[in-house]
Protein chains: 2
Amino acid sequence: MDSTLKGTLHRRGLRMTPQRQLVLDAVRELGHATPEQVCSRVQATAPAVNITTVYRTLDLLEELGVVRHAHLGHGAPTYSEHQHRHVHLVCHHCGRVDEAPTELLSDVASRTLADLGFHLDATHVALSGTCVDCAHDDEDSADGAPEQDDTAPQEGAEGDR
Amino acid sequence: MDSTLKGTLHRRGLRMTPQRQLVLDAVRELGHATPEQVCSRVQATAPAVNITTVYRTLDLLEELGVVRHAHLGHGAPTYSEHQHRHVHLVCHHCGRVDEAPTELLSDVASRTLADLGFHLDATHVALSGTCVDCAHDDEDSADGAPEQDDTAPQEGAEGDR
DNA sequence: TTCAGTGCAAAGTTTTTGCAATCCC
DNA sequence: GGGATTGCAAAAACTTTGCACTGAA
């Protein structure tokens, strides 16, 4: 069957527009991006496109199953192609997003299912932590942020908000 | 050393106030709650407390290492006691939050560290999926494809957005 | 031609900031 | 008493909604 965006839209009685194609292209190119990032990308080509349209189009594309969103680090959701399935690893120091195959969580998925009956969707939410570079920075230079006092030098701390 | 809130504050030259105690109590009682939920809980006892104060106090408590926040499902962060470490399993149908021991992810943590140098913080972000009850509901109401068909019909209730 | 789709402006939400009054130490 | 804290109001950031115009089919 027709798997183009146009085809998918027509099957539902919806219409193809340049804006929709641009939004989808932007999502594909960016990998995983917030609505605002998508908007910027789109506006690089078509400055007139409104952010409202981007929001509406992302919602629509998600409803169509063409894209999906995941909640990385802070509040802003990020959109990516639906087929582009992988586990997100977000560094909450620098915000960088690594990717890992979904198989990474298959054992965990089995366990949550067996133990709690919980069907894990590995791609929807990101795992959080510290990336290679930031871990190194911590070791090397004890630069400007010794903030973590005596309390409990746990991993998670700032990097957010 | 003094591990009371008052002690922790004084060690940093900060002051103890009833509001701060109330916010901390609320976080403890609620387990994991959004700033707004914390505020409601606090206002049940002290109606005059402003939400602004709740936000500021949560930030402060986090900086002190007393509480931490995690990003469950949608945008709103939820706060919990720092010691209260576990993996969150959020159902994106009903919004329910299950908990699992952090050991659940220890193998995964080893692998991300070995493969990518990524230090996983298991407690910061929730895993997303479908809880037992919602999975059952799906079966009952039939209509096939309980697993792979996360294509279009998801995000039912208040789980998202 | 028709009505889905868009842009613009205004309204919501949620969180942050400025400041004078308050109250902890 | 002095300065950290608070409450209130306004601002900022992020999304959604209403509506008249535009354009895809």
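Helix axes are here lines fitted to C-alpha atoms over the stretch in contact, with angles taken between N-to-C directions. The exercises below concern a predicted model.

**Exercise 1.** Determine how helix 2 and helix 4 of chain B are oriented to each other, and which residues bring them into contact.

*Solution.* Two packed helices are described by the angle between their axes and the distance between the axes. In chain B, the axes of helix 2 (residues 18-30) and helix 4 (residues 51-63) come within 10 Å and cross at roughly 75°. Angles of 65 to 115 degrees count as roughly perpendicular, and helix 2 of chain B is therefore roughly perpendicular to helix 4 of chain B. On the side of helix 2 of chain B, the contact is made by Gln19(B), Arg20(B), Val23(B), Leu24(B) and Val27(B), which meet Thr53(B), Val54(B), Thr57(B), Leu58(B), Leu60(B) and Leu61(B) of helix 4 of chain B. Sorted by character, the residues of this contact comprise 7 nonpolar, 3 polar and 1 charged.

**Exercise 2.** Describe the contact between the two domains of chain A, stating how much area is buried and which residues of domain 1 lose the most.

*Solution.* Begin with the division of chain A, in which domain 1 spans 1-79 and domain 2 spans 85-144. The C-alpha centres of these two domains of chain A are 25 Å apart, and the contact draws 7 residues from domain 1 of chain A and 11 residues from domain 2 of chain A. Next, consider the area buried between them, which is about 700 Å², with carbon and sulfur atoms giving 56% of that value. Within domain 1 of chain A, the residues that lose the most area to domain 2 of chain A are His32(A), Arg68(A) and Leu72(A), which together account for 61% of what that side buries. Finally, look for charged pairs: 1 salt bridge is found across this domain interface of chain A.

**Exercise 3.** Compute the N to O distance of the salt bridge between Glu81(A) and Arg28(A), and state which elements this pair ties together.

*Solution.* Side chains of opposite charge can pair when their charged atoms come close. The salt bridge between the side chains of Glu81(A) and Arg28(A) has an N to O distance of 2.9 Å. Glu81(A) belongs to strand 2 (residues 77-81) of chain A and Arg28(A) to helix 2 of chain A, so the pair ties together parts that are 53 residues apart in sequence. Over all chains, the structure holds 10 salt bridges; one further pair joins Arg68(A) and Asp121(A), whose closest N and O atoms are 3.8 Å apart.

Definitions and conventions: Residues are numbered from 1 along each chain as its sequence is written. Chains are lettered from A and ligands numbered from 1 in the order in which they are written. This is a predicted model: local features need pLDDT of at least 70, side-chain atom pairs count only at pLDDT 80 or more; totals for chains, interfaces and linings use all residues. Side-chain values use heavy atoms; hydrogens and water are left out. Domain bounds come from an automatic or database domain assignment. Contact means heavy atoms within 4.5 Å. Buried area is the accessible area (1.4 Å probe) that two parts lose on being put together, summed over both. A salt bridge is a side-chain nitrogen of Lys or Arg within 4 Å of a carboxyl oxygen of Asp or Glu. Helices (H or I, at least four residues) and strands (E, at least two) are DSSP runs, numbered from the N terminus. Axes are lines fitted to C-alpha atoms, for helices over the stretch in contact, and angles run from 0 to 180 degrees between N-to-C directions. Angles under 35 degrees count as roughly parallel, over 145 as roughly antiparallel, 65 to 115 as roughly perpendicular and the rest as oblique. Ala, Val, Leu, Ile, Met, Phe, Trp, Tyr, Cys and Pro count as nonpolar, Asp, Glu, Lys and Arg as charged, and the others, Gly among them, as polar.
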